[in-house]
Amino acid sequence: MTNFYSELLDFLQKKDLNSLRQKLKELDSFQIAATIEDLPKPNDVFLFRLLPRELAKEIFKHLSHDKQEEIVESFAKNLGEITNLLNDLDPDDRTAFLEELPGEVTQKLLQYLSEHERSIAIKLLGYPEDSIGRLMTPEYVSVKPSFTIAKTLDHIRKFGQDSETLNNIYVVDDSQVLIDEIRIKEIILASPEKLISDLMDYRFVALRPDEDQERAIRTFSDYDRVALPVVDTNGILLGIVTIDDMMDVAEEETTEDFHKMAAVSGKAMRDKLLQVSVPNAIRLRLPWLIITLFGGMLAGGVIQIFEEALSAVIVLAMFIPVIMDMGGDIGIQTSTIVIRGLATGDINRKNAAKCMMREIRIGISMGVICGIVVGIAGQIWQGVPMLGVAVGSAMIATITVATFLGALLPVLFNRIGVDPAVVSGPLITTIKDITGLLIYFTIASLVMGI
C-alpha cells in the first residue's frame with residue numbers, strides 16, 4: 001500500500017477535509033483514480049465528491065465502469081451533482097459510459113443532459129456498437145481557407161478551450177465539408193498575414209463513423225496520428241477521434257483476442273478477471289473443454305484402431321506424446337502467427353496463399369530437422385533401425401500437416417466470416433492430435449510391416 005493511499009485513508013477516516021484537499025493537489029489524475037478504485041465504500045464516493053468539477057470530469061473517465069455506476073448512483077438524490085457530472089463529461093467518454101448501461105437507465109440519465117448535450121449523446125449512441133461513431137467527439141477547432149493566421153490564432157484562443165486536442169486544425173468550406181487539416185505547429189510558425197489557404201496541400205486522412213474500431217486502429221498506426229477526423233459520405237466533418245480512445249480500444253481488442261484464443265470469449269470476459277463470477281466463467285469455458293474432451297476420446301479411438309500395431313511393437317507408445325506435442329506446438333505457433341497477421345492486416349486476400357506457402361515451407365524445414373533428430377534418437381535408444389525411420393518420417397509428416405492446418409484453418413474461417421481466434425485453441429489442437437496419431441500409426445505400420 002502506497003504512502004499517499006494510507007495518508008488519504010487516514011484523512012478520510014478523520015474527516016480532515018483540508019488536509020485531504022491539500023494532499024489531492026499533490027497527486028495526478030491517474031493516482032487519484034487508482035486510489036478511488038481501491039478505496040472501500042463509501043470512502044471512494046466521498047473522495048470523488050470532494051474533487052473540483054474539472055478534475056472530477058478527468059478522473060471519471062479513468063475509472064472502471066462499475067465504479068462509474070457506483071458514483072452516478074450515489075448522485076441519485078442530488079440532481080445538481082449528476083447533471084453537472086454528465087454534462088461536463090467529454091462526449092466520447094460519456095458515450096463509453098452510457099453504452100454499457102441497461103437501455104432504461106441510459107434513457108433516464110439522458111434526461112439530465114442539457115438539450116445540446118443530449119442531442120450529441122443520442123447521435124453518438126445511434127451509431128453501431130464498436131463503430132468509430134461511438135468514439136467520436138464533436139469538440140474540435142475548424143477554420144475557413146480565407147482566415148489569416150492572425151485570425152486563426154484568435155479563433156483557436158476563443159474556441160479551443162473545449163477542444164479534445166489542438167494538434168491539428170481542420171479546414172472546412174461553407175458547407176462544413178472537410179478539405180484539409182493543418183498541424184498547429186505550421187500555423188504557429190507562419191507569418192500572421194498569411195492565409196490558411198497558403199498552408200493547405202489538400203492531403204488528409206479521414207475515418208467514417210460506421211467504420212469498425214479495430215480497423216481504425218490500423219489507420220492510426222499506419223499514419224502515426226494522434227487524432228483523425230471523421231466525415232460522412234458527403235465529406236462533411238462530423239467530429240474527431242483521438243489516440244487515447246484508440247489505445248483503450250486496442251487494449252480491449254487484444255484482451256478479447258486472448259480470451260478467444262483460450263476459448264473463453266464472451267461479453268462477461270470483458271470485465272476484469274475477478275469481476276467475472278464463477279458460474280459465468282464456467283459457462284463460457286466448459287463447452288470448449290467438452291469439445292476438447294470428445295476430441296481426446298476420438299484420439300483414443302484412433303489408438304484403439306491401431307491396437308494390434310501397438311501390441312506387436314509396444315515401444316511405439318513411447319513416442320505418442322512426442323508426436324502429439326510437437327504437432328500441437330508447431331500448429332499453435334503457425335495459427336497464432338497467421339491470426340495475428342489477419343488481425344493487423346499483414347495477411348489479406350491478396351497475399352494469404354503466399355503467406356500460407358511460406359509457413360508450410362518453414363514447417364517442412366523444421367519437420368525435417370526434428371524428424372532426423374528424433375529418428376536418430378529413437379534408433380539409438382531402442383536399437384531398432386526401422387523404428388527410427390518410422391518415428392522420424394512420422395515426425396516430418398506430422399509437423400508438415402500441423403503447419404498446413406495451422407495456416408489454412410484461420411484463413412478459411414476468416415474467409416467465411418468466423419473469427420479465427422475463436423477456433424484457434426481447443427478445436428484446432430484437437431484436429432491436429434487426431435491427424436498426428438493417424439499419420440504416426442499409418443507410417444509406423446507401413447515402415448515396420450505391422
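**View 1. Residues around the second largest pocket.** Of the 33 residues that line the second largest pocket, Pro91, Thr137, Glu139, Asp162 and Ser163 sit nearest its centre. A pocket here is an open set of points on a 1 Å grid over the protein atoms alone, with protein on both sides within 12 Å along at least five of seven lines, and lining residues have an atom within 4 Å of a point. This is a predicted model, where local features need pLDDT of at least 70, side-chain atom pairs count only at pLDDT 80 or more, and totals for chains, interfaces and linings use all residues. Residues are numbered from 1 along each chain as its sequence is written, and side-chain values use heavy atoms, leaving out hydrogens and water.

**View 2. Helix 10 at the pocket wall.** Helix 10 (115-125) gives the largest share of the lining of the second largest pocket, six residues. Helices are DSSP runs (H or I, at least four residues) and strands are too (E, at least two), numbered from the N terminus.

**View 3. The two sides of helix 11.** Ile149, Thr152, His155 and Ile156 of helix 11 are buried (under 20% relative accessible area, 1.4 Å probe, protein chains only). Looking down the axis of helix 11, these buried residues fall within an arc of 115° (taken from the directions from the axis to the C-beta atoms), so they line one face. On the other side, Arg157 and Lys158 are exposed (over 50%).

**View 4. Residues 266-271.** Over this stretch, pLDDT (the predictor's confidence in each residue, from 0 to 100) stays under 50. Where pLDDT is low, don't read the predicted coordinates in detail.

Notes:
1 Å grid on protein atoms, 1.4 Å probe; cavity = no way out; pocket = protein on both sides within 12 Å on 5 of 7 lines; lining within 4 Å. Contact = heavy atoms within 4.5 Å.
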